[in-house]
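Q: I have a structure open in front of me and would like to learn how to read it. Could you take me through it feature by feature?

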Amino acid sequence: MNVNVSLSNGEKNYIIDGVQDGMRADGRGHFDYRPIFIESGVLATTDGSARIRIGTTDVLVGIKAELATVENTQEAVNRIKFFVDFSANATPQFEGRGGESYALEIANTLYEAYNNDNVLPDLSKLILSKTHMWVLYADIVLLQYGGNIMDAASLGVRTALADTKLVNVVVRPADEGKLMVDLPDERKLWSLDVSKVPLVVEASKIGDVSVVDATIIEENCATSSLFVGIMPPECDYNPSAPSVSDDDCVLTLVRKSKGGSLELESIEEMINTGVRAARELNKALIKRLNEEVMEPYKPTIHRSQTFLH
Amino acid sequence: MSNSRIKGKLRTLRCDLGFLKRADASASYEQGKAIVWCSINGPGDVMASKRLTMKMLVEISNRHVNDQDTKKLVDTLVNPIVEHAIERTKNPRTTLVITLQEMNRDGEYAPVAINSACLALLDAGIEMRYIFCAVCISYGNGVFTVDPDSVALSEAEARFIFIFKPSITDLGGKVIGCDASGVYTMEIYKEALNYARHSALKIFDFYRVKIQEKLAASLRIAG
């Protein structure tokens, strides 16, 4: 997506030439991310939440589980529902309904990336009876636009899902042959297994090179970009599992964004860039979140700030 | 093609242009048993709140599409492809209303709807940037099926829809849109694209024949 930034041709050439020479304006290489801050458990009113900052991009994610009564849970669509809001705080261009089409693109992309039965195996646990199921809502609010919203949103959703705690409920018979959902005497909380949750990364094509984590200015100089969503291979979070090369990594999403045309070779190259970056990002995230788990669980708001490099 | 990796071919194409008397243009397009009607009205008046100063407003509605997967294809493939093919700067401050109605489903809705829309646009004589056509290829058990019907589609592991615009350099045309669903590798994708190109040629030939028929009729009336 493009936030309007006035750039002269000279400035655009400076950015593009720099990127092609392997030196971006802030000194980063093609695969380098800006400093990433992750906080989880930031919203008391949600079942799971996270706040992500990548450079100046600031994203807030809240996960809510609501009990739904449907005709037949076997026929209901059992997927996370994503809602994205680009607030006017992020940039004046998003005032009113200005940010709606960009927000819809993010929401649809995340939905596609999560739209299979492999990434969240615990979704089957959300079905409580023939007529009752938990429905997960993921709400994403963009607080500040600094480029690379997709990565931030996807990291945020993953962190918030890891933070989500659902209560164990029991299904009891009620009147007229129906069922009702009730709380057991002993309340227990359970979390979702998020080890296979997809990470979506945006690979932007600047000149003839593809980079990740583009700033607003770099986004304006990019001819096209690709969202690549990977399902992290088991070896990245379980060292004893057989190793998987980048070529054999499973993708859950490849989606072209922005105008511009891409040759098939470029698409393949951008996918490789995206996969490499997403795997590194995932490894760093897991390492950091594991360090967090060492702290004892507090029943009130669990605040912790982690610095991800 | 005596290639054991591919079976089936493009289903029989049929089309009636201008069959709706009250619409400015229309096409009843059939691909095998799948039928999609497309009607076009415009360029016409548009209310001030929706008016665009520099472009024509294109409103596309796909009627009675109820399943989630087809709705997604309509939003990401059908509507953007049809809208971008039209040269919208030629009729600013007007609106073009395109209505696609599925009369019978056999296989994927989206490619049939896209082809129907292109024929209707040709019938309308609206200035376009390029014409376009869509081809569906499915893959399962090591075999590719061209233009699968509902039965073949239900057995597929992966399904590809490619949209082409004519090109003198690329066989079949240049790819302007693509949607892939299911489990597949890059090699399978490239092979499916190759098979799709051959079908695209046939669809573009069909467009040519249909338009020649329509124009030949009007020339006969004139002379």
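A: Gladly. Helices and strands here are DSSP runs, with at least four residues for a helix and at least two for a strand, numbered from the N terminus. Keep in mind that this is a predicted model.

Q: With that in hand, how many helices and strands are there in chain A?

A: Chain A has five helices and 14 strands. Its radius of gyration is 21 Å, close to the 19 Å given by the globule rule for 309 residues, so chain A is as compact as a globular protein of that length. Along the principal axes, the C-alpha atoms of chain A fill a box of roughly 75 × 50 × 40 Å.

Q: And which elements does chain B have, in what order from the N terminus?

A: The order in chain B is β-β-β-β-β-α-β-α-β-β-α-β-β-α, which comes to four helices and 10 strands. The radius of gyration of chain B is 18 Å and the globule rule gives 17 Å for 223 residues; the two are close, so chain B too is as compact as a globular protein of its length. Its C-alpha box is roughly 55 × 45 × 35 Å along the principal axes.

Q: How do I read burial, and what part of the residues in chain A is buried?

A: A residue counts as buried when its relative accessible area is under 20%. By that cut-off, 50% of the 309 residues in chain A are buried, and in chain B the share is 46% of 223 residues. For the surface, chain A exposes about 14,800 Å², with 50% supplied by carbon and sulfur atoms. Chain B exposes about 11,100 Å², and there carbon and sulfur atoms supply 51%.

Q: What do contacts say about parts of chain A that are at least 24 apart in sequence?

A: Contact here means heavy atoms within 4.5 Å. Of the contacts in chain A between residues at least 6 apart in sequence, 74% join residues at least 24 apart. For chain B, the share of contacts from residues 24 or more positions apart is 68%, again counting separations of 6 or more.

Q: Could you show me a single residue of that kind? Where does Trp190(A) lie, and is it buried or exposed?

A: Trp190(A) sits in strand β9, residues 189-191 of chain A. Its relative accessibility is 15%, so Trp190(A) counts as buried. Lys165(A) is 25 residues away along the chain, yet the two C-alpha atoms are separated by 5.5 Å. Leaving out residues up to four places away in sequence, Trp190(A) touches several residues, including Asp122(A), Leu126(A), Lys165(A) and Val167(A).

Q: Which residues does Val82(B) contact, its neighbours within four places aside?

A: They are Ile60(B), Ile98(B), Ala117(B), Leu121(B) and Phe132(B). Val82(B) belongs to helix α1, residues 68-85 of chain B, and is buried, with a relative accessible area of 0%. Cys118(B) is 36 residues from Val82(B) in sequence and 7.5 Å from it in space, C-alpha to C-alpha.

Q: How is a pair of aromatic rings described?

A: By the distance of the centres and the angle of the planes. Rings pair if their centres lie within 6.5 Å, and planes from 30 to 60 degrees apart count as tilted. Over all chains there are 16 aromatic pairs. In one of them, Tyr139(B) and Phe144(B), the ring centres are 4.8 Å apart and the planes are at 50°, so the pair is tilted. Tyr139(B) and Phe144(B) are both buried. Elsewhere, ring pairs join Phe160(B), Phe162(B), Phe164(B), Tyr184(B) and Tyr189(B) into a cluster.

Q: Now the backbone. Which residues does the cis peptide bond join?

A: It joins Gly42(B) and Pro43(B), with omega at about -5°. Pro43(B) is part of strand β4, residues 34-44 of chain B.

Q: What is phi for Asn148(A), and where does this residue lie?

A: Phi of Asn148(A) is near 60°, a positive value in a residue other than glycine. Asn148(A) is in the loop between β5 (132-144) and α3 (149-163) of chain A, and is buried at a relative accessible area of 1%. Chain B offers a further case: phi of Asp147(B), also a residue other than glycine, is positive and near 50°. Asp147(B) lies in the loop between β8 (143-146) and α3 (150-154) of chain B, and its 5% relative accessibility counts as buried.

Terms used
Residues are numbered from 1 along each chain as its sequence is written. Chains are lettered from A and ligands numbered from 1 in the order in which they are written. This is a predicted model: local features need pLDDT of at least 70, side-chain atom pairs count only at pLDDT 80 or more; totals for chains, interfaces and linings use all residues. Side-chain values use heavy atoms; hydrogens and water are left out. The radius of gyration is taken over C-alpha atoms; the globule rule is 2.2 Å times the number of residues to the power 0.38. Buried means under 20% relative accessible area, exposed over 50%, partly exposed in between (1.4 Å probe, protein chains only). Accessible areas come from the Shrake-Rupley method with a 1.4 Å probe; for residues, only the protein chains shown count as cover. Rings of Phe, Tyr and Trp (its six-membered ring) pair if their centres lie within 6.5 Å; planes under 30 degrees apart count as stacked, over 60 as edge-to-face and the rest as tilted.
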